[in-house]
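Please look over the sequence and the model first. The briefing below goes through a helix pair, a cavity and a single residue.

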Amino acid sequence: SGQGVGWEWGGRGWRRQGVGGLCCVGVGVRVGSCERAGGVLDFDAGLVGGLCGNAVTPETVEPLTMALWERANAQSAFDLAAATGQAQGIARALVSSLLEWDAVLTPTLARRPVAIGEISGCSDAPLDDFTRAGEFIAVTPRANLTGQPAISLPIAHGDDGLPVGVMLTGRPAGEGDLLALAAQLEQAAPWSARVSPVAAGS
């Protein structure tokens, strides 16, 4: 058995004592709690360009891409180096603060799925869409930032009939342990034969 950590999430979501944590306990994992390290990373990057040979103009890219391109062009090389250093520092702090845990248990999404088109990047306020997207996927970018292995599991369904995903994030280079834990959770709460009421009604 190993150690896992749950992240409390208010509202209609699950908490550490919820289904994900109970499944971990059911397969012999000790579930504890910890404070999240670091703050919110205020870091934007517009990685767009002429990869397809097209100029970046309002006619060739979506409004959000254009807004990020303009923001990126307004930054200097010094700004880029400072932001990269900040990101690397936060990543190191996150990883070192969680090394005592074999896995970190969080929701996959910070809120329930949104309606199609609610976050499009093509509105008159594309950077507002970008902010809303960040609030929606607030948990998953941490693994992108730190490079840690992570896996999302459809543990249950919500009252709206849509899956509730939980994400396990492992230690650096800990893919084997993470996949083993995920397999144990799938055996404890199998989902392959479970059909969402939304899909069943279609």
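At what angle do helix α2 and α4 pack? In this predicted model, the angle is about 95 degrees, and the two axes lie 8 Å apart. The points below cover this packing and two other topics.

**Helix packing**
- Angles of 65 to 115 degrees count as roughly perpendicular, so α2 and α4 are roughly perpendicular to each other.
- On the α2 side (residues 63–73), the residues that meet α4 are Pro63, Leu64, Ala67, Leu68 and Arg71.
- Their partners in α4 are Pro126, Leu127 and Phe130.
- By class, this contact has 7 nonpolar residues, 1 charged residue and no polar ones.

**The cavity**
- The structure holds 1 cavity of 30 Å³ or more.
- The largest cavity encloses about 40 Å³ of space.
- Its lining includes Val95, Leu98, Leu99, Trp101 and Asp102, as well as Gln148 and Arg171.
- Strands β3 (103–107) and β5 (163–170) each supply at least two residues of this lining.
- The lining residues divide into 7 nonpolar, 3 polar and 2 charged.

**Pro113**
- Pro113 is located in the loop between β3 and α4 (126–136).
- Partly exposed covers the range between 20% and 50% relative accessible area, so Pro113, at 35%, counts as partly exposed.
- Apart from neighbours within four places in sequence, Pro113 is in contact with Phe136 and Leu162.
- Pro113 and Val164 are separated by 51 residues in sequence, while their C-alpha atoms are 9.3 Å apart in space.

Terms used. Residues numbered from 1 in each chain as written. Predicted model: local features only at pLDDT ≥ 70, side-chain atom pairs only at ≥ 80, totals over all residues. Heavy atoms only, no water. 1 Å grid on protein atoms, 1.4 Å probe; cavity = no way out; pocket = protein on both sides within 12 Å on 5 of 7 lines; lining within 4 Å. Points joined across faces, edges and corners; volume = space filled by probe spheres on them. Helix = DSSP H or I, 4+ residues; strand = E, 2+ residues; numbered from the N terminus. Nonpolar A, V, L, I, M, F, W, Y, C, P; charged D, E, K, R; others polar. Buried < 20%, exposed > 50% of the residue type's maximum accessible area, 1.4 Å probe, protein only. Contact = heavy atoms within 4.5 Å. Axes fitted to C-alpha atoms, helices over the stretch in contact; angles between N-to-C directions. Parallel < 35°, antiparallel > 145°, perpendicular 65-115°, else oblique.
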